[in-house]
Amino acid sequence: MNRPLDLDTSAAFRVDRLVDVLIPTRNRPAELAVTLAGLAAQEGVPGFGVVVSDQSDGEPAFAHPAAATMVRALRQRGHPVLLTRRLPRRGLAEHRAYLLAASAARYVLNLDDDIWLEPGTLRRLVTALDELGCGFVGNGVHGLSYSDDVRPETHGHYEEWIDRPVPERIRPGTPEWNRARIHSAANLLHVTEQLALPPGAWRAYKVSWIGGCVLYDRAKLVDSGGFDFWRRVQEKHQGEDVAAQLSVLARHGGAGILPSGAHHLESPTTVTDRDVEAWEVVLADEDAAQPA
């Protein structure tokens with residue numbers, strides 16, 4: 001019999017530590033278990049915390065025995081885990097804002113509930129953010145079912161940072177916006193194979209945005225507005241991660257990190273109502289505020 005989980009409390013969890021992992025989830029118990037299993041196998045970043053916020057229609061995903069076991073495994077390995085429910089749903093951005101407010105860590109990893117991380121991924125991201133000093137670093141996710149689908153026309157969008165990343169103001173319709181094409185399918189995996197990096201080496205490259213696995217400097221994310229724009233977008237939206245990253249890029253810069261250890265589980269999305277792109281609303285507001 002799977003015994004009930006201790007949910008922990010926000011006050012006990014919200015302490016000064018190096019890294020917290022923030023996971024929003026809904027109706028995905030199997031995927032959440034895999035995501036947590038990937039975190040339980042991470043080494044080199046002792047004591048990182050994990051927040052899981054559930055918006056499932058029925059019982060929370062973390063109550064499933066497989067997910068609950070991974071929660072216990074994380075705690076057994078010295079990682080605090082806060083389990084919460086955020087209902088009623090007010091949209092993706094509000095959920096991200098809620099998760100961010102639950103953390104007082106120096107760095108926060110926004111990790112989707114359908115991503116498995118290879119061992120060593122979190123340590124590499126933390127190392128990169130320490131050395132680069134920018135607003136965020138991220139891993140584009142691999143869709144391994146596309147591993148035989150090589151798209152060389154996308155590889156030209158890969159461009160490394162020679163020095164530390166600098167702030168960039170990126171907008172749709174510019175060449176920089178097309179950088180996101182490198183993250184489709186298994187494109188980044190193919191670029192990585194071509195580079196043939198030695199063990200332990202990594203590279204920082206230029207991005208417009210990254211989905212699924214992004215490590216932020218929390219103070220710089222908050223300085224850039226975080227996800228507080230949720231009040232300005234209707235509930236049925238997507239692109240909240242794009243909106244936040246564009247704001248951080250403009251103030252503090254950001255980078256993708258290769259190799260990526262993030263693998264997309266390729267499950268059907270639980271975000272089926274996508275009436276609005278949050279980044280379109282945020283960019284329109286920012287551009288309107290610019291002096292003529």
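**Local features of the predicted model**

Ala185 is buried, with a relative accessible area of 17%, because the limit for a buried residue is under 20%. The structure described here is a predicted model. Ala185 is placed in the loop between helix 6 (152-155) and helix 7 (187-195). Its phi is positive, at about 50°, although Ala185 is not a glycine. A positive phi in a residue other than glycine is also found at Glu266, where the value is near 60°. Glu266 belongs to the loop between strand 11 and strand 12 (276-277). At a relative accessibility of 34%, Glu266 counts as partly exposed, because that class lies between the limits of 20% and 50%.

Strand 2 (residues 49-54) is largely enclosed by the rest of the structure, because 6 of its 6 residues are buried. In a regular strand, side chains alternate between the two faces of the sheet. In strand 2, Gly49, Val51 and Ser53 point one way, while Val50, Val52 and Asp54 point the other way. The residues of both sets are all buried.

Strand 2 has pairing partners in strand 1 and strand 3. With strand 1 (residues 19-25), strand 2 pairs in the parallel sense over 6 bridges. Within this pairing, Leu22 has Val51 of strand 2 as its bridge partner. With strand 3 (residues 81-85), strand 2 pairs over 5 bridges, again in the parallel sense. Here the bridge partner of Asp54 is Arg85 in strand 3. From strand 2 the chain crosses through helix 3 (residues 65-76) to strand 3, and this β-α-β crossover is right-handed. A right-handed β-α-β unit is also made by strand 1, helix 2 (residues 29-40) and strand 2.

Beyond strand 3, the peptide bond from Leu87 to Pro88 is cis, with omega near 0°. Pro88 is found in the loop between strand 3 and helix 4 (92-101). A cis peptide bond also links Leu258 to Pro259, with omega near 5°. Pro259 is part of the loop between strand 10 (254-258) and strand 11 (262-264).

Helix 5 (residues 121-132) was examined for its length. Its 12 residues should span 16 Å at 1.5 Å a residue, and the end C-alpha atoms are 16 Å apart, so the two values agree. The buried residues of helix 5 include Thr121, Leu122, Arg124, Leu125 and Val126. Ala128, Leu129 and Leu132 in helix 5 are buried as well. Just after helix 5, Gly133 takes a positive phi of about 65°.

Ser208 lies in the loop between strand 7 (203-205) and strand 8 (213-217). Ser208 is buried, with a relative accessible area of 0%. The side chain of Ser208 reaches the backbone oxygen of Trp177 at 3.3 Å. A polar atom of the same side chain lies 3.5 Å from the backbone nitrogen of Ala180. Leaving aside residues up to four places away in sequence, Ser208 touches Ile170, Glu176, Trp177, Arg179, Ala180, Leu246 and Leu249. Trp177 and Ala180 thus appear among the residues that Ser208 touches, and each also has a backbone atom within reach of its side chain, at 3.3 Å for the oxygen of Trp177 and 3.5 Å for the nitrogen of Ala180.

Terms used
Residues numbered from 1 in each chain as written. Predicted model: local features only at pLDDT ≥ 70, side-chain atom pairs only at ≥ 80, totals over all residues. Heavy atoms only, no water. Helix = DSSP H or I, 4+ residues; strand = E, 2+ residues; numbered from the N terminus. Buried < 20%, exposed > 50% of the residue type's maximum accessible area, 1.4 Å probe, protein only. Polar contact = N/O pair within 3.5 Å; in protein donor to acceptor, adjacent residues only side chain to side chain. Contact = heavy atoms within 4.5 Å. Pairing = 2+ DSSP bridges. Right-handed = clockwise from strand over helix to strand, strands pointing away. Expected span 1.5 Å × (residues − 1).
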